[in-house]
Amino acid sequence: MPPSHPTGHPTGLGREREALLRRRLTTEGLDVRSDTIPLRADGRRVFPLSFAQARLWFLDRLHPGNVFYTIDVALRLDFAVDPALLQRCVDEVVARHEALRTTFETRQDEPVQVVHASLPVRVAVVDVSGVPDPQAAAVAAATAQARTPFDLTTGPLMRVTLVRLAASRWVLAVAVHHIVADGWSMRVLFAEIAALYSAHARRVAPDLPTLAIQYPDFSLWQRDRLTGTHLDGQLDYWTQHLAALPVLDLPTDRPRPPVQTFTGATTTFTLPAPAVAALRRTT
């Protein structure tokens, strides 16, 4: 469940077209090392960070205790949920994905990701069926979970809360730090939990594929591939292109404070159809 999901060969390219592409890239003097992620043969548990993880780790150190990069999702479940069965499914998903059993330490002045053999994620069960406004209470519980900072050094970096509104009305709230997941990963997470829950409820064997490659495999591959002159070339390219970007100086209704507080909010509103059509004509 990585911040950027590793894949093997480009989707849709046959072997002949891929070989043609590699010859063209070689002619242009571009790097064409294999994009196949090798399988890890050893039992190591400590790995370098991917570049995506390194960015998020730095931001966490820059602003300790922040919740800027917490991904939180809440789903309404309109059936009688078995909390014990859900806990079993979460345990199995965590066991499947090394990213969900990962913490981050500093060793020899360098950040590393440490994959644990076990890092339990407890499903917290909250019953709000007896309060005057169960829906508001469920939102409050999910919000409180999302606004609780993660400690990257201790983990786990996923939290799960199951809120009971009524016998057949529940809310499943999940919060995960972005350093071990992204939007694509969250879809995989919920799909696997649903598949496991359905299978166990029917007392049949779950049909989930074996995971040959884990995120640390991608981290090793990326660090091995992006080194030396190849990495220098990438850095030079983006340094030159980003240096040429103009400064965006949008007018604001209030001055920006000297120190960012990150207390912004989202406002949702509806535009009338004629206004939307007029806006589209201007683009």
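**Figure 1. R164, a partly exposed residue, and its salt-bridge partner D127.** R164 has a relative accessible area of 24% and so lands in the partly exposed class (buried is under 20%, exposed is over 50%, and partly exposed is in between, with a 1.4 Å probe and protein chains only). The areas come from the Shrake-Rupley method with that 1.4 Å probe, and for residues only the protein chains shown count as cover. The R164 side chain meets that of D127 in a salt bridge, 3.6 Å from N to O. D127 sits in strand β5 (residues 123-127) and R164 in strand β6, so this pair ties together parts that are 37 residues apart in sequence. D127 is partly exposed too, at 48% relative accessibility. A salt bridge here is a side-chain nitrogen of Lys or Arg within 4 Å of a carboxyl oxygen of Asp or Glu. Helices (H or I, at least four residues) and strands (E, at least two) are DSSP runs, numbered from the N terminus. The model is predicted, so local features need pLDDT of at least 70 and side-chain atom pairs count only at pLDDT 80 or more, while totals for chains, interfaces and linings use all residues. Residues are numbered from 1 along each chain as its sequence is written, and side-chain values use heavy atoms, with hydrogens and water left out.

**Figure 2. Two more salt bridges, R76 with D78 and R254 with D253.** Side chains of opposite charge can pair when their charged atoms come close. For R76 and D78, the closest N and O atoms are 3.2 Å apart. R76 is exposed, with a relative accessible area of 56%, whereas D78 is partly exposed at 46%. In the other pair, the side chains of R254 and D253 meet at 3.2 Å, N to O, and both residues are exposed. Searching the whole structure turns up six salt bridges.

**Figure 3. A166 with P134 and G130, brought together in space.** A166 belongs to strand β6 and is partly exposed, at 27% relative accessibility. Along the sequence, A166 and P134 are 32 residues apart, but their C-alpha atoms are 8.4 Å apart. G130 and A166 are 36 residues apart in sequence, with 8.6 Å between their C-alpha atoms. G130 lies in the loop between β5 and α4, where its relative accessible area of 71% makes it exposed.

**Figure 4. V112 and Q53, a long way apart along the chain at 59 residues.** The C-alpha atoms of V112 and Q53 are separated by 9.7 Å. V112 is found in strand β4 and is buried, with a relative accessible area of 12%.

**Figure 5. Backbone oddities: the cis peptide at P156 and positive phi at D109 and R203.** Most residues other than glycine have a negative phi, and most peptide bonds are trans. The bond joining G155 and P156 is cis, with omega of about -10 degrees, and P156 lies in the loop between α4 (134-146) and β6 (158-166). D109 isn't a glycine, yet its phi is about 65 degrees. Its place is the loop between β3 (102-107) and β4 (110-115), and D109 is exposed at 72% relative accessibility. R203, also not a glycine, has a positive phi of about 60 degrees. R203 sits in the loop between α5 and α6 (215-225) and is exposed, at 80% relative accessibility.

**Figure 6. Helices α3 and α5 crossing obliquely.** Helix α3 (residues 83-96) packs against helix α5 (residues 183-201) at an angle of about 130 degrees, with the axes 9 Å apart. Those axes are lines fitted to C-alpha atoms over the stretch in contact, with angles running from 0 to 180 degrees between N-to-C directions. The pair α3 and α5 is therefore oblique (under 35 degrees is roughly parallel, over 145 roughly antiparallel, 65 to 115 roughly perpendicular, and the rest oblique). The crossing of α3 and α5 is right-handed, meaning that the near helix is turned clockwise from the far one by less than a right angle, whereas anticlockwise would be left-handed.

**Figure 7. A nonpolar surface patch made by Y237, W238, L242 and L245.** The patch covers about 450 Å². Y237 is in helix α7 (residues 228-243) and is partly exposed, with a relative accessible area of 40%. Patches take residues with over 30% relative accessible area and no salt bridge, joining like charges within 9 Å and nonpolar side chains (Val, Leu, Ile, Met, Phe, Trp, Tyr) within 5 Å.
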